[in-house]
Amino acid sequence: MSSIEDKYERLLDLLRTLNKVVVAYSGGVDSTFLLKASLDALGPERTLAVTADSETYPERERDEAVALAAELGAPHEVIHTSELDIPGYAENTSNRCYFCKNSLFDHLIPIAKAKGYDHVVFGAIADDLGEHRPGLKAAHERGVRAPLLEAGMTKAEIRHLSRKFGLRTWDKPSFACLSSRIPYGETITKEKLSMIDRAEHFLIQLGFRQVRVRQHGNMARIEVPFEQLSAVVAVAETVTAKLNEIGYTYVSLDLRGYRSGSMNEALN
């Protein structure tokens, strides 16, 4: 079995074969680690980070991505996109992420070609193979590479090495686009995304780092790690008042706690 260090060397070797890369960069745990590895393997002259700023991507996440790229010394561009303009996206079918990733690559591939980069890479990891990830299909169809996945790197290994390398994202909570808070089949709108963003931002300000506000019609279903359920109950009145102000009639707390991709449970 390969050690974590062996996997990282395999990752660097793989990136070197790609020569010049555009990194699809969100500022999350995985894409930040991939950007760090690309800089280690290729240097800033052969690495370009590109962040897509849209209505599904909170401003706080974009600002952190900009700051992190600067800390790493990576060339970085922010482009503006709109998932809601993508045909098939707002209808929110179970393969919504396919449309999103395909559109992202529609933006990144021309950037790479125009600027002389050989490949577009993104931060899919080994853990993604066991989950509902339509975006992987889009990447495969477009020839976009997933070096972390190809090197067999898991989330736990990426967090371990991120900490070793001094990346402050090593313990950053997992994040997915705001559309993932809306049940499949319910139309995605800017108003819904804004409500979710404001509600989650409020809970983050209260100290809940890993949090999801899942929107079911006029009800907000809050997910935090199981061990923090009592902490939400302790501020229930404050939370309810704020989420009512945002526009939710009902506020509930999911007793199973936070689960990544909990909306996919309905697919089963």
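**Helix α4 and its surroundings**

Visitor: Which elements do the buried residues of α4 pack against?
Guide: Keep in mind that we're looking at a predicted model. Here a contact means heavy atoms within 4.5 Å. The buried residues of α4 pack against four strands and one helix: β1 (21-24), β2 (47-53), β3 (76-80), β4 (119-121) and α5 (134-142).

Visitor: And which residues of α4 are buried?
Guide: Buried means under 20% relative accessible area. An α-helix has 3.6 residues a turn, so residues three or four places apart point the same way. In α4, the ones that count as buried are Arg96, Tyr98, Cys100, Ser103, Leu104, Phe105, Leu108, Ile109, Ile111 and Ala112.

Visitor: How far apart are the end C-alpha atoms of α4?
Guide: Helix α4 takes in residues 96-115, which makes 20 residues. At 1.5 Å a residue, they should span 28 Å. The model agrees with that, as the end C-alpha atoms are 29 Å apart.

Visitor: Which residue follows α4, and what is its phi?
Guide: Step just past the helix and look at the backbone there. The residue has a positive phi, near 85°, and it is Gly116.

Visitor: Okay, zooming out: what is the radius of gyration of the protein?
Guide: The protein has 268 residues, and a compact globule of that length would come out near 18 Å. The value for the protein agrees with this: 19 Å.

Visitor: What share of the residues in the protein is buried?
Guide: The same cut-off applies, under 20% relative accessible area. Out of the 268 residues, the buried ones make up 48%.

Note on methods
Residues numbered from 1 in each chain as written. Predicted model: local features only at pLDDT ≥ 70, side-chain atom pairs only at ≥ 80, totals over all residues. Heavy atoms only, no water. Rg over C-alpha atoms; globule rule 2.2 N^0.38 Å. Buried < 20%, exposed > 50% of the residue type's maximum accessible area, 1.4 Å probe, protein only. Helix = DSSP H or I, 4+ residues; strand = E, 2+ residues; numbered from the N terminus. Expected span 1.5 Å × (residues − 1).
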